[in-house]
Amino acid sequence: MQVIKVIESGPFTTVQDGGRYGYQRYGMAPAGAMDEVSYLLGNLILGNEPNAASLEFTLKGPRLEILHDTTLAVTGGRCVVTVNGHRKYFIFEPIEVKSGDQIDIEWITEGVRGYLAVKGGFDVPLIMQSRSTYLRGKIGGFEGRRLKGEEVLSALQSNNSLGRALTEERWPSYLPPFEIDVIMGPQADFFTEEGVNTFLNETFQISESADRMGYRLTGPEVVHVDKADIISDGIPLGAIQVPGHKQPIIMMKDRQTTGGYPKIATAASYEIYRLGQAKPGDQLSFRSVSLDQAKEKKNHYNKWFQGLTEYVSQRDQGEKHFRLFVDDKSYYVSIKEID
Amino acid sequence: MPEINVVPAGDQALALEFENRIDPEINSKVRAADYYLTRESKLEGLLETVPTYRSLLVYYDPDVWNYVDLKEILLNIGEHLKDVAIPNPETLEIPVLYGGEYGPDIDYVAEHNNLTIEAVIEIHHSSTYLIYMLGFVPGFPYLGGMSSKIATPRLENPRTQIPAGSVGIAGSQTGIYPLESPGGWRLIGRTPLKLFDPSKEDPFLPKPGHYLKFYPISEHEFESYLQV
């Protein structure tokens, strides 16, 4: 079922799902949503399968024309969604749209990536068990490429009932500066004590060279003991490698699976979604945590995340939610029968 | 120096490392450890492995595993491997149309090494190459075992577009481009086979830890491969 026509794609928009796993041994990056928290919440708000495909946009969302009545949800970086030029919606709420509606997703003001989920999920071919676009491999998503405009996208059928909006105080925060927990290694011993101290105590900035593969940082030099190359090995998600130019690079979802630069540290798993919302110019610093501390914080993160997913998945008995527009002002209204 | 080392690679992966050398014997240990973990061990919560020259990156579910428990198992992998029969590596045969428009640098490789073009082809396809690992782009094999007689430095100005299937030499290494990409390898031929075909159930031809052998084909054979 054709649901939307992309009028303008926005600066960088691709189809993503949870990622394509099991092929890193063959040199293929997993790809997948950079901010897995907001991506998943978008699907749950619409009652979708957790792994349904969404559009991941960067800096600004696409402009769309609706081709068939459906429900959308925009999640992730803070932005405003406008329907037919005057009805304004927030992120993290179901938006009912009708055929012919014109949708504009405005510039992101906090974070850098947003997700546009559609009821049922976007219907693009399942390639090696995933719908994620992997640009370097030119596969997945919409013809293995980023959207350029003029594409017509279909959605899968879904009769699931909707979840509910995530209230603003529950939205994940993406405000810089980012203090990121890291586990030192696997090659921290390739760096001098001074190099490690610089890495852990100084502030770095994300450079303009930041994309789904990785973020180059600029800042004080992180000095190696001797050489800046190793016999190539596997690059884990969130690895922070430092080539000969002494400036760290954080490896993200479209990273090369193997490489020959020493990795001073690796971002903790629970930091990845926040890193996915960091943008050029943002300040970043690193804090070393032990594996025990990481475990404790991962448990905390799991609880927080589970709380969010349960919240949006709830279908309130006898309670109704909708947007009300009065004099160009927009209200989110909950109605409950009390007697 | 201990023969095996385990280091954390974040809180959802660790690296099992063998001696720090590029050596077929060490790579076979990586392959054995990988085989044990992915095929034999039946351990829950292991998500994915990435075998490389001398180490194995193991992604695990941090909600299932403690690093120290998994490390303990891996440090004793030698014990576990005693009772496991590791199947012999297989040899992947790759047909190559050498020279001509598909191998525009073969003249240079010959000249650089004081060889005839026929000798370059002969030397290149008589070796059996170990696929140490895959990386760089999907399906790209890092091969070991090329004769130093045909070693040739990279192009000073890399080409912006090299067709998929191109076979090249860079320094003392040989390789195959699985996808169209930019690159500085000296191109000596092209294979009509797709090293990476996402539409297949098994999308990748080269497998880490196995072997690869080239064999020369004619232009006519090349064309008929493309028609299959």
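Chain B has six helices and 13 strands in this predicted model. Stretched along its principal axes, the C-alpha trace of chain B covers about 55 × 40 × 35 Å. Of the 228 residues in chain B, 44% count as buried. Look too at how the chain B contacts are spread along the sequence: among those between residues at least 6 apart, 61% join residues at least 24 apart.

A good place to step inside chain B is Ile188(B), which belongs to strand E12 (residues 186-190) of chain B. Is Ile188(B) buried or exposed? Ile188(B) has 29 other C-beta atoms within 10 Å, and because the cut-off for a buried residue is 20 or more, Ile188(B) counts as buried. Which residues surround it there? Setting aside neighbours within four places in sequence, Ile188(B) is in contact with Tyr98(B), Gly103(B), Asp105(B), Ile106(B), Val109(B), Val120(B), His124(B), Val167(B), Gly168(B) and Ile169(B). As one more landmark, take Phe222(B), 34 residues away from Ile188(B) along the chain; the C-alpha atoms of these two residues are separated by 15 Å.

Now turn to where the two chains meet. Here 36 residues of chain B are in contact with 35 residues of chain A. On the chain B side, strand E1 (5-8), strand E2 (13-17), strand E3 (46-51), strand E4 (55-60) and strand E6 (129-134) each supply at least two residues. E3(B) gives the most, with five residues. Sorted by class, this side of chain B has 24 nonpolar, eight polar and four charged residues.

Crossing over to chain A, you can find an open sheet of five strands in the order E2-E3-E10-E5-E8, with antiparallel pairing. The edges of this sheet are strand E2 (12-16) and strand E8 (95-97) of chain A, each of which pairs on one side only. From one strand to the next, the twist averages 25°. At the E8(A) edge, three bridges join that strand to strand E5 (residues 70-78) of chain A, and the two run antiparallel. Within this pair, Leu72(A) stands opposite Ile95(A).

Helix H1(A) packs on this sheet, where it touches E2, strand E3 (54-58), E5 and strand E10 (110-118) of chain A. The direction of H1(A) makes about 155° with that of E5(A).

The same helix, H1 (residues 36-45) of chain A, also meets helix H4 (residues 291-313) of chain A: their axes come within 8 Å and cross at roughly 20°. That angle is why H1(A) counts as roughly parallel to H4(A). The crossing itself is right-handed. From H1(A), the residues taking part are Val37(A), Leu40(A), Leu41(A), Leu44(A) and Ile45(A); their partners in H4(A) are Phe305(A), Leu308(A), Thr309(A), Val312(A) and Ser313(A). Together, the residues of this contact divide into eight nonpolar, two polar and no charged.

Finally, follow chain A to a hairpin, where strand E21 (residues 319-326) and E22(A) pair in the antiparallel sense over eight bridges. Across the pair, Phe322(A) stands opposite Val333(A) in E22(A). Two residues lie between the strands, and Asp327(A) in this hairpin takes a positive phi near 50°. How many of the eight residues of strand E22 (residues 329-336) of chain A are buried? The number is zero, so E22(A) lies largely in the open.

Methods:
Residues are numbered from 1 along each chain as its sequence is written. Chains are lettered from A and ligands numbered from 1 in the order in which they are written. This is a predicted model: local features need pLDDT of at least 70, side-chain atom pairs count only at pLDDT 80 or more; totals for chains, interfaces and linings use all residues. Two residues are in contact if their C-beta atoms, placed from the backbone, lie within 7 Å. Helices (H or I, at least four residues) and strands (E, at least two) are DSSP runs, numbered from the N terminus. Ala, Val, Leu, Ile, Met, Phe, Trp, Tyr, Cys and Pro count as nonpolar, Asp, Glu, Lys and Arg as charged, and the others, Gly among them, as polar. Axes are lines fitted to C-alpha atoms, for helices over the stretch in contact, and angles run from 0 to 180 degrees between N-to-C directions. Angles under 35 degrees count as roughly parallel, over 145 as roughly antiparallel, 65 to 115 as roughly perpendicular and the rest as oblique. A crossing is left-handed if the near helix is turned anticlockwise from the far one by less than a right angle, and right-handed if clockwise. A residue is buried if 20 or more other C-beta atoms lie within 10 Å of its own, exposed if 12 or fewer, and partly exposed in between; C-beta atoms are placed from the backbone. Two strands pair if DSSP finds at least two bridges between them.
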